[in-house]
Structure formats: C-alpha cells, structure tokens
Amino acid sequence: NKCTVMHVRRGDVVLHRSQSRKYYAIKDYMELLPIERKQSTILLLTDDANAIDEAHEFYPNTTWKYYSRSRFRGSSGGWENTSPSYNPKQEVIII
C-alpha cells in the first residue's frame with residue numbers, strides 16, 4: 001500500500017494580512033495529486049484541527065491518518081503560541 005504525506009500549515013496564515021501566506025484548502029492540495037493517490041492512505045500533518053475536519057468532510061472515501069494530539073482551530077492559537085497542549089516538551093516529542 002502506498003501512502004501520501006500532506007503537510008498543511010495554517011497557524012500563521014491569517015494573522016498578518018498584508019504579509020501573510022496564502023490560505024490553502026484541502027481541495028487545493030488534493031487537486032495536485034494523481035487520482036491513484038487520492039484513493040490511497042494520506043498521512044495528514046497539520047497544526048489546524050479544521051484541516052482534519054475538512055479532509056473528512058470533503059474526501060470521505062480517502063483513508064486519512066494523523067497524529068492524535070491537541071490542535072488549535074484556524075489561527076486561534078496565534079503565531080506566538082505554538083503549543084496547543086501548553087506542554088512544550090510534549091510538542092517537541094510529537095514533532
């Protein structure tokens with residue numbers, strides 16, 4: 001079985017509007033994949049709980065895998081707070 005890895009980083013996308021990175025929906029990533037990859041297992045690495053919800057909602061036939069951990073939703077944590085678990089040591093172990 002093949003596995004595709006998708007990294008979706010969003011925590012700092014919308015905080016500094018004039019200098020921020022563009023927001024990409026899961027759809028944007030999926031459109032770049034060959035059809036056989038869309039039907040395989042995808043390991044989703046993300047800092048945004050919304051990305052996981054979006055993946056399941058819009059691509060329910062894809063097998064999604066991701067680490068079970070605390071995540072912020074969107075920019076709720078802010079760029080300065082990168083530890084949703086409020087345990088920096090645990091965050092380093094997860095990385």
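**Exercise 1. Architecture**

How many helices and how many strands are there in the protein chain? Determine also the order in which they follow one another.

*Solution.* The model under study is predicted. Counting the elements of the protein chain gives four helices and three strands. Reading along the sequence then yields the pattern β-α-α-β-α-β-α.

**Exercise 2. Strand pairing and crossover**

Establish how strands E1, E2 and E3 are paired, beginning with E1 and E2.

*Solution.* Step one concerns E1 (residues 3–8) and E2: these strands run parallel and are joined by six bridges. One bridge within this pairing links Val-8 to Thr-46 of E2. Step two concerns E2 and E3 (residues 63–65), which also pair in the parallel sense, over three bridges. Here Leu-43 has Lys-65 of E3 as its bridge partner. Step three follows the connection: from E2 the chain passes through helix H3 (residues 49–58) to E3, a β-α-β crossover that is right-handed.

**Exercise 3. The two faces of E2**

Which residues of strand E2 form its covered face, and which its uncovered face?

*Solution.* E2 spans residues 41–46. Its covered face consists of Ile-42, Leu-44 and Thr-46. Its uncovered face consists of Thr-41, Leu-43 and Leu-45. Leu-43, the bridge partner of Lys-65, therefore belongs to the uncovered face, whereas Thr-46, the partner of Val-8, belongs to the covered one.

**Exercise 4. The nonpolar core**

Identify the residues of the largest nonpolar core and the elements that supply them.

*Solution.* The core holds eleven residues in all: Met-6, Val-8, Ile-26, Met-30, Leu-33, Ile-42, Leu-44, Ala-51, Ile-52, Ala-55 and Trp-64. Two or more of these residues come from each of E1, helix H1 (26–31), E2 and H3. H3 provides the largest share, three residues. Next, consider Trp-64 itself. Apart from neighbours within four places in sequence, Trp-64 is in contact with Met-6, Ile-26, Met-30, Ile-42, Leu-44, Ala-55, His-56 and Tyr-59. For the chain as a whole, 32% of the 95 residues count as buried.

**Exercise 5. An aromatic pair**

How many aromatic pairs does a search of the whole structure find? Describe the geometry and the accessibility of the tyrosines involved.

*Solution.* The search returns one aromatic pair. Tyr-24 and Tyr-29 form this pair, with 6.2 Å centre to centre and 70° between the planes. The arrangement is edge-to-face because the angle of 70° is over 60 degrees. For accessibility, the partly exposed range lies between 20% and 50%. Tyr-24 is partly exposed because its relative accessibility is 38%. Tyr-29 is likewise partly exposed, because its relative accessible area is 22%.

**Exercise 6. His-7 and Thr-62**

Where is His-7 located, and which residues does it contact beyond its sequence neighbours?

*Solution.* His-7 lies in strand E1. Excluding neighbours within four places in sequence, His-7 is in contact with Tyr-29 and Leu-45. Between His-7 and Thr-46 the sequence separation is 39 residues, while their C-alpha atoms are 5.8 Å apart.

Is Thr-62 buried or exposed?

*Solution.* Thr-62 is found in the loop between H3 and E3. Its relative accessibility is 9%, so Thr-62 counts as buried, the cut-off being under 20%. Not counting residues up to four places away in sequence, Thr-62 touches Met-30, Lys-38, Ser-40 and Ile-42.

Key. Residues are numbered from 1 along each chain as its sequence is written. This is a predicted model: local features need pLDDT of at least 70, side-chain atom pairs count only at pLDDT 80 or more; totals for chains, interfaces and linings use all residues. Side-chain values use heavy atoms; hydrogens and water are left out. Buried means under 20% relative accessible area, exposed over 50%, partly exposed in between (1.4 Å probe, protein chains only). Two strands pair if DSSP finds at least two bridges between them. A crossover is right-handed if, with the strands pointing away from the viewer, the path from the first strand over the helix to the second runs clockwise. Rings of Phe, Tyr and Trp (its six-membered ring) pair if their centres lie within 6.5 Å; planes under 30 degrees apart count as stacked, over 60 as edge-to-face and the rest as tilted. A nonpolar core is a set of buried Ala, Val, Leu, Ile, Met, Phe, Trp, Tyr and Cys residues joined through side-chain atoms within 4.5 Å. Contact means heavy atoms within 4.5 Å.
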